[in-house]
Amino acid sequence: MEHVGPYTTIVIALAVGFLCLFAGVLISWLLSPHNPTPLKLEPYECGEPTVGPARVRLRTMFYLFALVFVIFDVEVIFLFPWAVAFRELGLFAFLEMLAFIGILLLGLAYAWRKGALTWR
Amino acid sequence: MNYIYAPAELITRLHDGLLQLTVWAGLPLVLGEVFGTALVMLGLFAGCAVVVMVLVYAERKIAGHMQARLGPMRVGWHGVLQVVADTIKLLLKETLIPGRAERGLYRAAPYVVFLSGFLALIALPLDRDLVPLRLNLGLIYLLAAGTPGVIGILMAGWSSGNKYSLLGGMRSAAQMISYEVPLLLSILGVVMIAQTLDLPTLVEAQRVPYIVLQPLAFLIFLVAAVAETNRNPFDIPEAESELTAGFHTEYGGIRFAYFFLSEYVHMFVLSALGATLFLGGWRGPLLPGWLWLLVKTGAILFVFFWFRWTFPRLRADQLMDLGWKVLLPLAFINILVTGLILVLI
(Lines give C-alpha, C1' and ligand atoms only; values in the text may rest on other atoms or scores of the structure.)
Protein backbone atom coordinates (compact mmCIF):
# COMPACT_ATOMS: atom_id res chain seq x y z
CA MET A 1 0.00 0.00 0.00
CA GLU A 2 2.55 2.53 1.11
CA HIS A 3 5.44 1.46 -1.11
CA VAL A 4 3.74 2.47 -4.31
CA GLY A 5 3.71 6.25 -4.58
CA PRO A 6 0.38 7.98 -3.84
CA TYR A 7 -0.07 9.17 -7.40
CA THR A 8 0.56 5.67 -8.77
CA THR A 9 -2.16 4.51 -6.39
CA ILE A 10 -4.58 6.98 -7.99
CA VAL A 11 -3.78 5.62 -11.45
CA ILE A 12 -4.26 2.04 -10.23
CA ALA A 13 -7.57 2.97 -8.60
CA LEU A 14 -8.69 4.61 -11.83
CA ALA A 15 -7.76 1.50 -13.84
CA VAL A 16 -9.41 -0.92 -11.41
CA GLY A 17 -12.58 1.18 -11.19
CA PHE A 18 -12.77 1.46 -14.96
CA LEU A 19 -12.25 -2.27 -15.50
CA CYS A 20 -14.90 -3.19 -12.92
CA LEU A 21 -17.46 -0.93 -14.61
CA PHE A 22 -16.49 -2.19 -18.04
CA ALA A 23 -16.88 -5.79 -16.86
CA GLY A 24 -20.39 -4.91 -15.69
CA VAL A 25 -21.32 -3.45 -19.08
CA LEU A 26 -19.84 -6.49 -20.82
CA ILE A 27 -21.78 -8.95 -18.65
CA SER A 28 -24.96 -6.98 -19.21
CA TRP A 29 -24.31 -6.94 -22.96
CA LEU A 30 -23.87 -10.72 -22.99
CA LEU A 31 -26.96 -11.43 -20.90
CA SER A 32 -29.46 -8.90 -22.23
CA PRO A 33 -31.53 -9.06 -25.40
CA HIS A 34 -30.66 -6.90 -28.41
CA ASN A 35 -33.64 -5.79 -30.38
CA PRO A 36 -33.47 -2.07 -31.18
CA THR A 37 -36.43 -0.91 -33.22
CA PRO A 38 -36.67 2.62 -34.65
CA LEU A 39 -39.45 3.46 -32.20
CA LYS A 40 -37.33 2.44 -29.21
CA LEU A 41 -34.51 4.68 -30.37
CA GLU A 42 -36.69 7.81 -30.38
CA PRO A 43 -36.03 10.33 -27.59
CA TYR A 44 -38.25 9.72 -24.58
CA GLU A 45 -40.75 12.55 -24.37
CA CYS A 46 -43.71 10.75 -22.83
CA GLY A 47 -45.06 9.66 -26.20
CA GLU A 48 -45.22 13.06 -27.87
CA PRO A 49 -43.49 13.25 -31.28
CA THR A 50 -40.22 15.13 -30.89
CA VAL A 51 -40.21 18.70 -32.17
CA GLY A 52 -37.00 20.42 -33.26
CA PRO A 53 -33.38 19.58 -32.46
CA ALA A 54 -32.24 18.28 -29.08
CA ARG A 55 -29.48 20.83 -28.62
CA VAL A 56 -31.65 23.81 -27.86
CA ARG A 57 -30.29 27.21 -26.98
CA LEU A 58 -30.01 27.78 -23.25
CA ARG A 59 -30.40 30.94 -21.29
CA THR A 60 -27.35 33.02 -20.50
CA MET A 61 -27.91 32.79 -16.75
CA PHE A 62 -26.19 29.38 -16.72
CA TYR A 63 -23.02 31.07 -17.94
CA LEU A 64 -23.35 33.90 -15.43
CA PHE A 65 -23.51 31.37 -12.60
CA ALA A 66 -20.55 29.51 -14.06
CA LEU A 67 -18.54 32.74 -14.17
CA VAL A 68 -19.35 33.68 -10.58
CA PHE A 69 -18.52 30.12 -9.55
CA VAL A 70 -15.09 30.27 -11.13
CA ILE A 71 -14.28 33.48 -9.25
CA PHE A 72 -15.27 32.05 -5.89
CA ASP A 73 -13.74 28.64 -6.51
CA VAL A 74 -10.36 30.14 -7.29
CA GLU A 75 -10.73 32.31 -4.23
CA VAL A 76 -11.32 29.28 -2.02
CA ILE A 77 -8.15 27.68 -3.41
CA PHE A 78 -6.27 30.82 -2.33
CA LEU A 79 -7.90 30.65 1.08
CA PHE A 80 -6.87 27.05 1.86
CA PRO A 81 -3.11 27.68 2.28
CA TRP A 82 -3.98 30.74 4.30
CA ALA A 83 -6.21 28.66 6.58
CA VAL A 84 -3.49 26.05 7.11
CA ALA A 85 -0.90 28.63 8.17
CA PHE A 86 -3.39 30.87 9.92
CA ARG A 87 -2.29 30.31 13.54
CA GLU A 88 1.37 30.86 12.80
CA LEU A 89 0.80 34.07 10.88
CA GLY A 90 -1.57 35.60 13.42
CA LEU A 91 -3.14 39.03 13.26
CA PHE A 92 -1.31 40.19 10.12
CA ALA A 93 -2.66 37.30 8.05
CA PHE A 94 -6.11 37.90 9.43
CA LEU A 95 -6.12 41.55 8.39
CA GLU A 96 -4.67 40.73 4.98
CA MET A 97 -7.36 38.14 4.39
CA LEU A 98 -9.99 40.53 5.67
CA ALA A 99 -9.04 42.84 2.80
CA PHE A 100 -9.03 39.96 0.29
CA ILE A 101 -12.41 38.63 1.38
CA GLY A 102 -13.72 42.19 1.57
CA ILE A 103 -12.89 42.81 -2.09
CA LEU A 104 -14.54 39.55 -3.07
CA LEU A 105 -17.62 40.32 -0.99
CA LEU A 106 -17.77 43.62 -2.85
CA GLY A 107 -17.79 41.57 -6.05
CA LEU A 108 -20.57 39.40 -4.65
CA ALA A 109 -22.57 42.49 -3.72
CA TYR A 110 -22.04 43.86 -7.25
CA ALA A 111 -23.21 40.62 -8.86
CA TRP A 112 -26.16 40.57 -6.47
CA ARG A 113 -27.21 44.14 -7.29
CA LYS A 114 -26.80 43.53 -11.03
CA GLY A 115 -29.12 40.54 -10.72
CA ALA A 116 -26.54 37.97 -11.84
CA LEU A 117 -27.52 35.75 -8.91
CA THR A 118 -31.23 35.81 -9.71
CA TRP A 119 -32.60 32.73 -11.40
CA ARG A 120 -34.79 33.77 -14.32
CA MET B 1 -10.09 -11.39 16.63
CA ASN B 2 -7.66 -8.55 17.09
CA TYR B 3 -7.88 -7.79 13.40
CA ILE B 4 -11.37 -6.43 13.92
CA TYR B 5 -9.87 -3.72 16.11
CA ALA B 6 -6.76 -3.20 14.01
CA PRO B 7 -7.58 -4.02 10.37
CA ALA B 8 -4.44 -2.15 9.32
CA GLU B 9 -2.36 -4.99 10.80
CA LEU B 10 -4.20 -7.52 8.69
CA ILE B 11 -3.48 -5.46 5.58
CA THR B 12 0.19 -5.24 6.54
CA ARG B 13 0.35 -9.02 7.06
CA LEU B 14 -1.30 -9.68 3.71
CA HIS B 15 0.98 -7.14 2.06
CA ASP B 16 4.10 -8.86 3.46
CA GLY B 17 2.78 -12.24 2.43
CA LEU B 18 2.16 -11.03 -1.08
CA LEU B 19 5.67 -9.60 -1.33
CA GLN B 20 7.16 -12.88 -0.12
CA LEU B 21 5.12 -14.67 -2.76
CA THR B 22 6.43 -12.25 -5.40
CA VAL B 23 10.03 -12.91 -4.35
CA TRP B 24 9.40 -16.64 -4.30
CA ALA B 25 7.99 -16.54 -7.81
CA GLY B 26 11.03 -14.58 -8.98
CA LEU B 27 9.02 -11.59 -10.14
CA PRO B 28 10.11 -7.96 -9.68
CA LEU B 29 8.94 -6.50 -6.36
CA VAL B 30 7.16 -3.59 -8.04
CA LEU B 31 4.79 -6.02 -9.69
CA GLY B 32 3.77 -7.41 -6.30
CA GLU B 33 3.20 -3.89 -4.97
CA VAL B 34 1.08 -2.88 -7.94
CA PHE B 35 -0.90 -6.09 -7.74
CA GLY B 36 -1.42 -5.60 -4.01
CA THR B 37 -2.67 -2.06 -4.52
CA ALA B 38 -4.99 -3.27 -7.28
CA LEU B 39 -6.40 -5.87 -4.88
CA VAL B 40 -7.02 -3.19 -2.25
CA MET B 41 -8.86 -1.10 -4.85
CA LEU B 42 -10.88 -4.12 -5.92
CA GLY B 43 -11.83 -4.65 -2.29
CA LEU B 44 -12.85 -1.00 -1.99
CA PHE B 45 -14.96 -1.30 -5.14
CA ALA B 46 -16.72 -4.35 -3.72
CA GLY B 47 -17.14 -2.53 -0.42
CA CYS B 48 -18.63 0.40 -2.33
CA ALA B 49 -21.18 -1.86 -4.01
CA VAL B 50 -22.17 -3.49 -0.71
CA VAL B 51 -22.48 -0.15 1.07
CA VAL B 52 -24.66 1.21 -1.73
CA MET B 53 -26.92 -1.85 -1.60
CA VAL B 54 -27.34 -1.45 2.15
CA LEU B 55 -28.03 2.27 1.70
CA VAL B 56 -30.68 1.72 -0.95
CA TYR B 57 -32.41 -0.86 1.21
CA ALA B 58 -32.15 1.38 4.29
CA GLU B 59 -33.51 4.35 2.38
CA ARG B 60 -36.52 2.42 1.11
CA LYS B 61 -37.23 0.95 4.53
CA ILE B 62 -36.87 4.31 6.30
CA ALA B 63 -39.01 5.99 3.66
CA GLY B 64 -41.63 3.30 4.12
CA HIS B 65 -41.82 3.60 7.88
CA MET B 66 -41.86 7.41 7.77
CA GLN B 67 -44.98 7.18 5.62
CA ALA B 68 -46.58 4.52 7.83
CA ARG B 69 -46.03 1.71 5.35
CA LEU B 70 -43.61 -1.19 5.43
CA GLY B 71 -41.34 -0.61 2.47
CA PRO B 72 -40.01 -3.61 0.49
CA MET B 73 -41.31 -6.85 2.05
CA ARG B 74 -41.56 -9.43 -0.73
CA VAL B 75 -38.09 -10.52 -1.79
CA GLY B 76 -36.35 -12.34 1.04
CA TRP B 77 -36.83 -11.76 4.76
CA HIS B 78 -38.36 -8.29 5.18
CA GLY B 79 -37.32 -7.56 1.61
CA VAL B 80 -33.55 -7.68 2.24
CA LEU B 81 -32.95 -9.20 -1.19
CA GLN B 82 -34.96 -6.51 -2.98
CA VAL B 83 -31.85 -4.58 -4.01
CA VAL B 84 -30.16 -7.75 -5.30
CA ALA B 85 -33.24 -8.51 -7.37
CA ASP B 86 -33.28 -4.96 -8.73
CA THR B 87 -29.61 -5.19 -9.66
CA ILE B 88 -30.15 -8.45 -11.54
CA LYS B 89 -33.12 -6.92 -13.32
CA LEU B 90 -31.09 -3.91 -14.43
CA LEU B 91 -28.29 -6.21 -15.57
CA LEU B 92 -30.67 -8.19 -17.77
CA LYS B 93 -32.29 -5.13 -19.37
CA GLU B 94 -31.62 -4.28 -22.97
CA THR B 95 -29.07 -1.46 -23.12
CA LEU B 96 -30.24 0.88 -25.84
CA ILE B 97 -28.33 3.83 -27.16
CA PRO B 98 -30.89 6.34 -28.44
CA GLY B 99 -30.73 7.10 -32.14
CA ARG B 100 -29.99 10.78 -31.64
CA ALA B 101 -27.32 10.23 -29.00
CA GLU B 102 -23.67 11.16 -29.32
CA ARG B 103 -22.52 7.58 -28.85
CA GLY B 104 -19.01 8.00 -27.44
CA LEU B 105 -19.93 10.60 -24.85
CA TYR B 106 -23.14 8.77 -24.02
CA ARG B 107 -21.15 5.65 -23.18
CA ALA B 108 -18.43 7.50 -21.27
CA ALA B 109 -20.66 9.63 -19.01
CA PRO B 110 -21.52 6.97 -16.36
CA TYR B 111 -17.84 6.09 -16.04
CA VAL B 112 -16.87 9.70 -15.40
CA VAL B 113 -19.57 10.19 -12.77
CA PHE B 114 -18.79 6.97 -10.93
CA LEU B 115 -15.00 7.16 -11.10
CA SER B 116 -15.05 10.68 -9.70
CA GLY B 117 -16.89 9.40 -6.62
CA PHE B 118 -14.67 6.33 -6.36
CA LEU B 119 -11.44 8.32 -6.58
CA ALA B 120 -12.71 10.59 -3.82
CA LEU B 121 -13.64 7.59 -1.69
CA ILE B 122 -10.16 6.09 -1.65
CA ALA B 123 -8.77 9.12 0.19
CA LEU B 124 -11.08 8.66 3.18
CA PRO B 125 -9.38 7.58 6.40
CA LEU B 126 -11.36 4.47 7.36
CA ASP B 127 -9.52 3.77 10.57
CA ARG B 128 -6.29 4.69 12.35
CA ASP B 129 -3.54 3.74 9.85
CA LEU B 130 -6.13 2.44 7.42
CA VAL B 131 -6.04 5.05 4.68
CA PRO B 132 -6.03 3.56 1.16
CA LEU B 133 -4.57 6.75 -0.30
CA ARG B 134 -2.70 9.02 2.07
CA LEU B 135 -1.69 12.41 0.73
CA ASN B 136 -0.64 15.41 2.75
CA LEU B 137 -3.15 17.33 0.64
CA GLY B 138 -5.79 14.64 1.22
CA LEU B 139 -8.66 17.03 1.85
CA ILE B 140 -8.01 19.05 -1.30
CA TYR B 141 -7.54 15.85 -3.31
CA LEU B 142 -10.82 14.41 -2.03
CA LEU B 143 -12.76 17.55 -2.88
CA ALA B 144 -11.06 17.87 -6.26
CA ALA B 145 -11.66 14.22 -7.17
CA GLY B 146 -15.34 14.49 -6.35
CA THR B 147 -15.94 17.49 -8.61
CA PRO B 148 -15.54 16.04 -12.16
CA GLY B 149 -18.85 14.28 -11.55
CA VAL B 150 -20.44 17.54 -12.73
CA ILE B 151 -18.71 17.13 -16.08
CA GLY B 152 -20.03 13.57 -16.35
CA ILE B 153 -23.56 14.81 -15.70
CA LEU B 154 -23.17 17.51 -18.37
CA MET B 155 -21.83 14.87 -20.76
CA ALA B 156 -24.83 12.64 -20.08
CA GLY B 157 -27.29 15.48 -20.52
CA TRP B 158 -25.75 16.78 -23.72
CA SER B 159 -25.05 13.45 -25.40
CA SER B 160 -28.52 11.96 -24.82
CA GLY B 161 -30.05 13.84 -27.73
CA ASN B 162 -33.09 14.85 -25.71
CA LYS B 163 -33.79 18.47 -24.85
CA TYR B 164 -35.11 17.61 -21.40
CA SER B 165 -31.96 15.69 -20.63
CA LEU B 166 -29.88 18.66 -21.69
CA LEU B 167 -31.94 21.02 -19.55
CA GLY B 168 -31.75 18.62 -16.60
CA GLY B 169 -28.00 18.28 -16.99
CA MET B 170 -27.51 22.04 -17.16
CA ARG B 171 -29.67 22.55 -14.08
CA SER B 172 -27.78 19.85 -12.20
CA ALA B 173 -24.48 21.43 -13.10
CA ALA B 174 -25.64 24.94 -12.14
CA GLN B 175 -26.87 23.66 -8.80
CA MET B 176 -23.79 21.59 -8.05
CA ILE B 177 -21.33 24.35 -8.78
CA SER B 178 -23.43 26.83 -6.81
CA TYR B 179 -23.32 24.71 -3.68
CA GLU B 180 -19.69 23.75 -4.17
CA VAL B 181 -18.62 27.19 -2.95
CA PRO B 182 -20.40 27.20 0.45
CA LEU B 183 -19.33 23.57 0.92
CA LEU B 184 -15.66 24.46 0.48
CA LEU B 185 -15.97 27.57 2.62
CA SER B 186 -17.60 25.66 5.46
CA ILE B 187 -14.65 23.25 5.51
CA LEU B 188 -12.25 26.19 5.70
CA GLY B 189 -13.19 26.90 9.33
CA VAL B 190 -12.19 23.36 10.30
CA VAL B 191 -8.88 23.69 8.44
CA MET B 192 -8.16 26.96 10.26
CA ILE B 193 -8.49 25.21 13.62
CA ALA B 194 -6.75 21.96 12.70
CA GLN B 195 -4.04 23.61 10.53
CA THR B 196 -3.66 20.61 8.26
CA LEU B 197 -5.07 19.21 5.04
CA ASP B 198 -4.03 15.65 5.85
CA LEU B 199 -7.21 13.83 6.80
CA PRO B 200 -5.80 11.36 9.39
CA THR B 201 -3.95 14.20 11.14
CA LEU B 202 -7.15 16.21 11.04
CA VAL B 203 -8.98 13.43 12.85
CA GLU B 204 -6.18 13.12 15.42
CA ALA B 205 -6.37 16.88 16.03
CA GLN B 206 -10.00 16.69 17.18
CA ARG B 207 -9.83 16.62 20.96
CA VAL B 208 -13.51 17.51 20.83
CA PRO B 209 -15.43 16.83 17.62
CA TYR B 210 -15.35 20.00 15.53
CA ILE B 211 -19.13 20.12 15.42
CA VAL B 212 -18.88 21.65 18.90
CA LEU B 213 -16.48 24.36 17.74
CA GLN B 214 -18.01 24.85 14.28
CA PRO B 215 -21.76 24.24 14.56
CA LEU B 216 -22.62 26.77 11.86
CA ALA B 217 -20.05 25.30 9.49
CA PHE B 218 -21.53 21.84 10.04
CA LEU B 219 -25.00 23.10 9.24
CA ILE B 220 -23.77 24.78 6.04
CA PHE B 221 -21.85 21.63 5.13
CA LEU B 222 -24.91 19.47 5.64
CA VAL B 223 -27.24 21.61 3.53
CA ALA B 224 -24.61 22.05 0.80
CA ALA B 225 -23.91 18.31 0.78
CA VAL B 226 -27.58 17.51 0.28
CA ALA B 227 -27.74 20.01 -2.58
CA GLU B 228 -24.44 18.78 -4.01
CA THR B 229 -25.84 15.26 -4.39
CA ASN B 230 -29.06 16.57 -5.97
CA ARG B 231 -31.28 15.07 -3.31
CA ASN B 232 -34.58 16.27 -1.87
CA PRO B 233 -35.46 18.99 -1.15
CA PHE B 234 -32.90 20.11 -3.75
CA ASP B 235 -33.75 17.55 -6.43
CA ILE B 236 -35.01 20.04 -8.99
CA PRO B 237 -32.80 18.58 -11.75
CA GLU B 238 -34.49 15.22 -11.34
CA ALA B 239 -37.94 16.36 -10.23
CA GLU B 240 -39.90 13.25 -11.19
CA SER B 241 -43.16 15.09 -11.59
CA GLU B 242 -41.83 17.95 -13.76
CA LEU B 243 -38.88 16.72 -15.80
CA THR B 244 -38.94 12.99 -16.35
CA ALA B 245 -35.62 12.21 -14.74
CA GLY B 246 -33.26 15.00 -15.68
CA PHE B 247 -29.93 14.13 -17.22
CA HIS B 248 -30.43 10.34 -17.15
CA THR B 249 -33.83 10.18 -18.85
CA GLU B 250 -32.36 8.38 -21.84
CA TYR B 251 -30.31 5.92 -19.82
CA GLY B 252 -31.47 2.40 -19.11
CA GLY B 253 -30.18 -0.94 -17.92
CA ILE B 254 -26.67 -1.16 -16.54
CA ARG B 255 -25.74 2.42 -17.46
CA PHE B 256 -28.65 3.74 -15.45
CA ALA B 257 -27.56 1.45 -12.61
CA TYR B 258 -24.14 3.16 -12.70
CA PHE B 259 -25.70 6.61 -12.32
CA PHE B 260 -27.75 5.29 -9.43
CA LEU B 261 -24.64 3.74 -7.88
CA SER B 262 -22.67 6.97 -8.33
CA GLU B 263 -25.34 9.04 -6.64
CA TYR B 264 -25.11 6.89 -3.53
CA VAL B 265 -21.32 6.74 -3.64
CA HIS B 266 -21.14 10.54 -3.80
CA MET B 267 -23.61 10.71 -0.94
CA PHE B 268 -21.57 8.26 1.11
CA VAL B 269 -18.33 10.11 0.41
CA LEU B 270 -19.76 13.48 1.46
CA SER B 271 -21.35 12.02 4.59
CA ALA B 272 -18.15 10.22 5.53
CA LEU B 273 -16.23 13.45 4.92
CA GLY B 274 -18.68 15.25 7.21
CA ALA B 275 -18.18 12.56 9.84
CA THR B 276 -14.41 12.84 9.46
CA LEU B 277 -14.27 16.61 9.63
CA PHE B 278 -16.97 17.41 12.16
CA LEU B 279 -17.79 14.27 14.15
CA GLY B 280 -14.31 12.98 14.90
CA GLY B 281 -13.98 10.30 12.23
CA TRP B 282 -12.92 6.92 13.54
CA ARG B 283 -12.46 8.18 17.13
CA GLY B 284 -14.72 6.74 19.78
CA PRO B 285 -14.71 4.39 22.75
CA LEU B 286 -15.05 0.58 22.75
CA LEU B 287 -16.06 -0.11 19.15
CA PRO B 288 -13.41 -0.52 16.44
CA GLY B 289 -12.59 2.69 14.57
CA TRP B 290 -14.00 1.76 11.17
CA LEU B 291 -17.31 0.88 12.82
CA TRP B 292 -17.40 4.28 14.53
CA LEU B 293 -16.86 5.95 11.18
CA LEU B 294 -19.67 3.90 9.66
CA VAL B 295 -21.99 4.73 12.57
CA LYS B 296 -21.28 8.46 12.28
CA THR B 297 -21.62 8.37 8.50
CA GLY B 298 -24.87 6.46 8.90
CA ALA B 299 -26.17 9.13 11.26
CA ILE B 300 -25.54 11.85 8.67
CA LEU B 301 -27.06 9.70 5.92
CA PHE B 302 -30.15 9.19 8.07
CA VAL B 303 -30.53 12.97 8.17
CA PHE B 304 -30.28 12.95 4.35
CA PHE B 305 -33.14 10.42 4.16
CA TRP B 306 -35.08 12.30 6.81
CA PHE B 307 -34.82 15.54 4.80
CA ARG B 308 -36.31 13.80 1.82
CA TRP B 309 -39.60 13.07 3.57
CA THR B 310 -39.77 16.29 5.57
CA PHE B 311 -39.22 19.21 3.21
CA PRO B 312 -41.11 19.98 0.03
CA ARG B 313 -39.04 20.60 -3.09
CA LEU B 314 -37.67 24.13 -3.49
CA ARG B 315 -38.30 26.23 -6.59
CA ALA B 316 -35.30 26.77 -8.86
CA ASP B 317 -34.95 30.45 -7.93
CA GLN B 318 -35.33 29.72 -4.21
CA LEU B 319 -32.60 27.12 -4.56
CA MET B 320 -30.15 29.55 -6.12
CA ASP B 321 -31.05 32.24 -3.60
CA LEU B 322 -30.39 29.86 -0.71
CA GLY B 323 -26.99 28.95 -2.09
CA TRP B 324 -25.67 32.35 -3.10
CA LYS B 325 -27.52 34.77 -0.84
CA VAL B 326 -27.84 32.80 2.41
CA LEU B 327 -25.25 30.03 2.67
CA LEU B 328 -22.37 31.89 1.02
CA PRO B 329 -22.55 35.01 3.26
CA LEU B 330 -23.09 32.76 6.30
CA ALA B 331 -19.99 30.76 5.39
CA PHE B 332 -17.97 33.99 5.13
CA ILE B 333 -19.27 35.16 8.50
CA ASN B 334 -18.28 31.79 9.96
CA ILE B 335 -14.74 32.15 8.63
CA LEU B 336 -14.38 35.69 9.90
CA VAL B 337 -15.72 34.83 13.36
CA THR B 338 -13.47 31.75 13.56
CA GLY B 339 -10.50 33.85 12.47
CA LEU B 340 -11.28 36.58 14.99
CA ILE B 341 -11.57 34.10 17.86
CA LEU B 342 -8.35 32.33 16.86
CA VAL B 343 -6.50 35.65 16.70
CA LEU B 344 -7.83 36.77 20.08
CA ILE B 345 -7.00 33.50 21.87
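In this predicted model, S28(A) reaches across to chain B: leaving aside residues up to four places away in sequence, S28(A) touches L91(B), K93(B), T95(B) and I254(B). The residue itself belongs to helix α1 of chain A, which spans residues 6–31. With just 1% relative accessibility, S28(A) falls under the 20% cut-off and therefore counts as buried. One of its partners turns up again in a polar contact: a polar atom of the S28(A) side chain sits 3.1 Å from the backbone oxygen of L91(B).

The two chains also meet through a pair of helices. Here α4 of chain A (residues 91–114) pairs with α14 of chain B (residues 316–344), their axes coming within 11 Å and crossing at roughly 170°. That angle is over 145 degrees, so α4(A) runs roughly antiparallel to α14(B). As for handedness, the crossing of α4(A) with α14(B) is left-handed. On the α4(A) side, the contact is made by L91(A), F94(A), L98(A), I101(A), L105(A), L108(A) and W112(A). The α14(B) side brings in W324(B), K325(B), L328(B), P329(B), F332(B), I335(B), L336(B), G339(B), L340(B) and V343(B). Sorted by character, the residues of this contact come out as 15 nonpolar, 1 polar and 1 charged.

Turning to loops within chain B, T229(B) is placed in the stretch between α11 (215–228) and α12 (253–278). Its relative accessibility is 7%, which is under 20%, so T229(B) is classed as buried. The side chain of T229(B) reaches back to the backbone oxygen of V226(B), at 3.1 Å. Beyond four places in sequence, the residues that T229(B) touches are E263(B), H266(B), M267(B), L270(B) and F304(B).

A second loop position in chain B is P72(B), found between α3 (29–66) and α4 (82–92). P72(B) is buried too, because its relative accessible area of 9% is under the 20% cut-off. Again not counting residues up to four places away, P72(B) touches Y57(B), R60(B), K61(B), H78(B), G79(B) and Q82(B). Y179(B) lies 107 residues from P72(B) along the chain, and the C-alpha atoms of this pair are separated by 33 Å.

Conventions:
Residues numbered from 1 in each chain as written. Chains lettered and ligands numbered in written order. Predicted model: local features only at pLDDT ≥ 70, side-chain atom pairs only at ≥ 80, totals over all residues. Heavy atoms only, no water. Helix = DSSP H or I, 4+ residues; strand = E, 2+ residues; numbered from the N terminus. Buried < 20%, exposed > 50% of the residue type's maximum accessible area, 1.4 Å probe, protein only. Polar contact = N/O pair within 3.5 Å; in protein donor to acceptor, adjacent residues only side chain to side chain. Contact = heavy atoms within 4.5 Å. Axes fitted to C-alpha atoms, helices over the stretch in contact; angles between N-to-C directions. Parallel < 35°, antiparallel > 145°, perpendicular 65-115°, else oblique. Left-handed = near helix turned anticlockwise from the far one by under 90°. Nonpolar A, V, L, I, M, F, W, Y, C, P; charged D, E, K, R; others polar.
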